[in-house]
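Me: Could you take a close look at one residue in this model for me, and then carry on to the bonds, charges and internal space elsewhere in the chain? I work with structures every day, so please keep the numbers in.

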Amino acid sequence: MKKQPEERAPSATSLRDKIVGLSESSGRKSYYPMLQQKIRELQNEIAERHRAEDALRKTLQRIERQQTVIAEISTHPSVFHGRLQEAAPMITTRMTHAMDVARASLWIMRAGSLCCMDKFDAQGGGHTSGTCLDCGRFDVYFKAISKGPVIVTDAREDPRTRDFVPNYLEPNGIASMLDVPVLIDAELTAVICFEHVGELRTWQPDEVTFASRIADQVALILASQRRRITEEQLQSAHANLTRNLRFTEVLLDAIPIPIFYKDSERRYLGCNQTFADIMGITSAEIRGRRAHEFWPDLAEAYEEKDNSLRQDTRKCTYESKIRNKAGELREVIFAKQIFFDEFKHAEGIIGSFVDITERNRAAKETWRLRTLLANIINSMPSMLIGVDADGRIAQWNQQAALVTGVSEAQAQGSPLVQVVPWLGSEMKKIRQSIASKKPFFEGKLSRVENGETIFEDVTIYPLITNGVEGAVIRIDDVTDKVRIEEILIQSEKMLSVGGLAAGMAHEINNPLASIMGNTQVLETRLLLPLPQNVQAAREAGITLEALHNYLERRGIPKMLSSVRSSGAQAAQIVSNMLSFSRKSEPALAPESITEMLDKTLDLASTDYDLKKNYDFKKIQIVREYEDNLPKIHGSASKLQQVFLNLLRNGAEAMGEKIYPQGRGPQFTLRVRGNAPWVRVEIEDNGPGLEESVRKRVFEPFFTTKAVGKGTGLGLSVSYFIVTEEHAGMMAVQTARGEWTRFVIDLPVATSSE
């Protein structure tokens, strides 16, 4: 073996050198790589142990620092006494040093916003406050913080804090954040916030624990504040309640109306002094007892009303009876109402009553006399109105209330012209009648109500009773009488017009027949190759072919054909007019409803009146006739009158409507089976009818036209013809601004007819 080299000083020779030398000297070089690997592992393990020891030492130092801060905070006088506003600067300062951060802050929830109570900046050493964050604007952050701590290493990239980047994180150089919520009853009340600047920072578990313990301290302070405020409020509320209770007791005793109150089980809770004086029972005696213990004969009715009150309504007023301390039954009016607890549950009933026994006795006698007088006055079919010298209403009968819609109670004491404004012009005559003590009569006064003209006779009777001047006004509705007179006059006019129309039609027929006959003769002599025509042309020195050539060049054949066609059309119009004006046959006969409609349209197409601003020739006619329709049982002239009236009314209505571009007035005529009827629908696309007008459209004399423009008889007569003379049905349908449709059902003719 080789001689071993001299040993070097331990300080100059490393462990590696010793092992290498030993391996070389021993000649075992194959172990060298393995030894090197072991050496590296030992060195790494020693370095890691040093790092762990260093990290543990730093962690212990942080924890010791944190515990010291927690102790300082928890023992601080401001914290101990729950003065968070005063303690906030101290808390943020201690938190900043304990966590070695740039800034630490304390935020409080106020009305939907998170507001900074205090923020400490370690670099500048200053405190700030007052900044508020709207919870709605930073929704992601507030949802996260409400669930637990927000631990953020990279505040600019984390989605929970990304919304703070442009306005807060970048300007302040904040890289990492640690926010811990302060929760009281699962409600976010405050937030503890730590802000780190510079490089990114990974928050250690002990740091999160420290922040959570600070949050617990703040929660205890806030809970203590809430508890103290609540206790103060309870004490104040109790004092107010006691004061109010005493005031209420004195107030109830001072009220001259008897008052009592019960719980939800209908046991009495008490009463006021007036109740005790009338019933002979003190509040102490009645408390906790039921009505049947004092008034067994009346208790069932009381409890029935109480049950009804609890089930149906919250208050009621009704008449009943009580038995007073003398044992007398008295008639009273009860007023009861449910009262509720703080949770809006029915707590009981408070009630009062008023003795009306004497009042009822006097009222019964007065009522008997008033009823007798009212029956006499109300039995009159006329409006009877009593007024004083100032024109104020003193008497008002049932007919007056029916006509005006104003009850007697509403009319009493009101000025006559206010309740019956159409008598305003008669006030001067009323005063003259009272002064002269002479009756006054004025007949057929007219007024318009809901578009209808009403005629009335007014009689004024002056009276003097016990020195009180006044008058009785009697108003009789004579509208039906006037209308009957107008119907008679109108009937005479219609008869005259019908006779005139028939006479004119006959007179027109004679020259019309001559025109058509001569036109036909001209066509025969000028256009046909008859021998007589050929001979006459030869004698005149021309040929018939040359004459035909000339006539064709001048359009004479077309002119003659047009004259003959126009004459035929005029003859048809005269025929329709004669059919319309001819009196109805006493017996109804089978008729074709479609032919009747077409004839009516032909007659209506000639009706053009510039004053009415409509022209049937400019109205589009749409026919929707069902095939194979049965005949109806009716009078052609009568039904033609109905259809013509409907077409004229519809044309007038459409003349008042402004149509959009590309549209115009249009009639749609529909006929279809509707066993055992045939249904006819005449529809226009005019402005439609108001509902109030539609309901009254068949009433006699009802019209929407200006005074003097219409009689209001057309539709009522049409309705009479359809329903009474033809046993049919007639109705009107409408859509405001769109269309109006008259629907007529007529009975089908039987096979025997």
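**A close look at T594**

Reply: T594 counts as buried, because its relative accessibility is 18% and the limit for that label is under 20%. Please keep in mind that this is a predicted model. The residue belongs to helix α20, which covers residues 593-604. Which residues does T594 touch, once those up to four places away in sequence are set aside? They are Y625, L629 and V671.

A570 makes a useful companion case. Its place is in helix α19, residues 556-581. With a relative accessible area of 26%, A570 is partly exposed, whereas T594 at 18% is buried. A570 also has a partner from elsewhere in the sequence: L512 is 58 residues away along the chain, yet the C-alpha to C-alpha distance between them is 7.9 Å.

Now to the covalent link. How many disulfides does the count give? The count comes to one disulfide. C115 and C132 are the partners, with an S to S distance of 2.1 Å. If you like dihedrals, the value about the S-S bond is 110°, and the link is right-handed. C115 sits in strand β2 (residues 113-121) and C132 in strand β4 (residues 132-134), so the pair links distant parts of the chain, 17 residues apart. The two ends carry opposite-sounding labels: C115 is buried at 6% relative accessibility, while C132 is partly exposed at 42%. Two further cysteines can be placed on this scale. C271 is buried, with a relative accessible area of 6%, and C316 is partly exposed at 21%.

Charged pairs come next. Searching the whole structure turns up 32 salt bridges. One of them pairs E72 with R94, whose closest N and O atoms are 2.7 Å apart. This pair, too, links distant parts of the chain: E72 is in helix α2 (residues 32-75) and R94 is in helix α4 (residues 84-99), 22 residues apart. Both ends are partly exposed, E72 at 33% relative accessibility and R94 with a relative accessible area of 29%.

Two other salt bridges stay within a single helix. In the pair of E358 and R361, the closest N and O atoms are 3.1 Å apart. Why are these two about one helical turn from each other? Because they are three residues apart in helix α11, which spans residues 357-378. E358 is partly exposed, with a relative accessible area of 46%, but R361 reaches 51% and is exposed. The cut-off matters here: exposed means over 50%, so R361 at 51% gets that label.

E691 and R694 form the other pair, and their closest N and O atoms are 2.9 Å apart. Both lie in helix α22 (residues 691-696), three residues apart, which is about one turn of the helix. E691 is partly exposed with a relative accessible area of 41%, and R694 is partly exposed at 26%.

Charges can also join up beyond pairs. E624, R670, R672, E681, E683 and R741 are linked in a network of salt bridges.

Finally, the internal space. How many cavities of 30 Å³ or more does a search of the whole structure find? One, and its volume is about 80 Å³. The residues lining this cavity are F260, K262, Y268, F275, M279, W295, Y302, I322, F334, K336 and F353. Three elements, β8 (259-263), α8 (273-279) and β11 (329-340), each supply at least two residues of the lining. By class, the lining divides into nine nonpolar residues, no polar ones and two charged.

To return to your starting point: T594 is buried at 18% relative accessibility, and its contacts are Y625, L629 and V671, apart from residues up to four places away in sequence.

Note on methods:
Residues numbered from 1 in each chain as written. Predicted model: local features only at pLDDT ≥ 70, side-chain atom pairs only at ≥ 80, totals over all residues. Heavy atoms only, no water. Disulfide = S-S within 2.5 Å. Helix = DSSP H or I, 4+ residues; strand = E, 2+ residues; numbered from the N terminus. Buried < 20%, exposed > 50% of the residue type's maximum accessible area, 1.4 Å probe, protein only. Contact = heavy atoms within 4.5 Å. 1 Å grid on protein atoms, 1.4 Å probe; cavity = no way out; pocket = protein on both sides within 12 Å on 5 of 7 lines; lining within 4 Å. Points joined across faces, edges and corners; volume = space filled by probe spheres on them. Nonpolar A, V, L, I, M, F, W, Y, C, P; charged D, E, K, R; others polar. Salt bridge = Lys/Arg side-chain N within 4 Å of Asp/Glu carboxyl O.
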